[in-house]
Amino acid sequence: MIGRRSWSVALASLFILSTAQGGWAATAQEQLKGAIDRVVTTLDSPALKGEGKAAERRTAVRKIANEIFDFGEIARRSLGRYWQPLSDAQRSEFVGLFSDLLERSYISKIELYGGEKIVYSGERVDGDLATVSTKIITKNATEIPVDYRLFRRGDRWLIYDVNIEGISLVSNYRTQFNKIIQTSGYNTLVDRMKTKQAEFLEENAPKKKAQN
């Protein structure tokens, strides 16, 4: 069982990532490590500090997430065997909903990142697939193992799954999605995702109004 704090710290690190500079044919581990350094520098920028800048910080991080994560691949793997029967329109709708909810659910976790140390344990490459093993060392010296699974597209490495303390993010979602579909059907899953999306929008609406 993964503790809530472990998930928060580990998932925060997921979004402290960016793409490599154009033409930089770096390894998967080099891209992750270099990106973490760049984004942490961005988060430390005085221009993005303070509660009043929260929306700007999250927008910037969300843009980075869209560049390093292949949300379409994550969505397909998370839906598993239920992906194949879907029409192109249904697939597009599901990827859009899933991507938005995944980002909104975890994008705020980046603010829990408080300088925890990240140790890189090496990478395993098999053709166009790679696994980068890391450990997050918390301030109380707790070690959280996090493995990033990526595939290569040109000179870029894109994340398609993350394994946190032995539990796959994709597998975790697949279990939840399968249970809902088997019990109530695919349309019910989509309806629940839309409801959750609407809840996120309602939660953010007062904040935006207050800032105006």
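E165 sits in the loop between β4 (156-164) and β5 (167-168). In this predicted model, the phi of E165 is near 50°, a positive value in a residue other than glycine. Most residues other than glycine have a negative phi. E165 counts as partly exposed, because its relative accessibility is 30% and the partly exposed class runs between 20% and 50%.

The loop around E165 belongs to a hairpin. β4 and β5 form this hairpin with two residues between them, and E165 lies in the turn. The two strands run antiparallel and are joined by two bridges. One pairing is that of N163 with S168 in β5.

β4 also pairs with β3. These strands run antiparallel as well, and eight bridges join them. L150 stands opposite I159 in β4. β3 and β4 form a hairpin with two residues between them. G154 in that turn has a positive phi of about 65°. β4 itself is mostly covered: eight of its nine residues are buried.

A positive phi occurs at A141 too. Its value is near 75°, again in a residue other than glycine. A141 lies in the loop between β2 (129-137) and β3 (143-153). A141 is exposed, because its relative accessible area of 56% is over the 50% cut-off.

Attention now turns to the aromatic side chains. The count comes to eight aromatic pairs. One of them joins F98 and F177, with ring centres 5.6 Å apart and planes at 75°. The pair is edge-to-face, because that angle is over 60 degrees. This pair links distant parts of the chain. F98 is in helix α5 (residues 88-106) and F177 is in helix α6 (residues 169-184), 79 residues apart. Both F98 and F177 are buried.

F177 also pairs with Y173. Their ring centres are 5.6 Å apart and their planes stand at 40°, so this pair is tilted. Y173 and F177 are four residues apart in helix α6, and therefore about one helical turn separates them. Y173 is buried, as is F177. The two pairs belong to a wider group: F94, F98, Y173, F177 and Y186 form one aromatic cluster.

Key. Residues are numbered from 1 along each chain as its sequence is written. This is a predicted model: local features need pLDDT of at least 70, side-chain atom pairs count only at pLDDT 80 or more; totals for chains, interfaces and linings use all residues. Side-chain values use heavy atoms; hydrogens and water are left out. Buried means under 20% relative accessible area, exposed over 50%, partly exposed in between (1.4 Å probe, protein chains only). Two strands pair if DSSP finds at least two bridges between them. Rings of Phe, Tyr and Trp (its six-membered ring) pair if their centres lie within 6.5 Å; planes under 30 degrees apart count as stacked, over 60 as edge-to-face and the rest as tilted.
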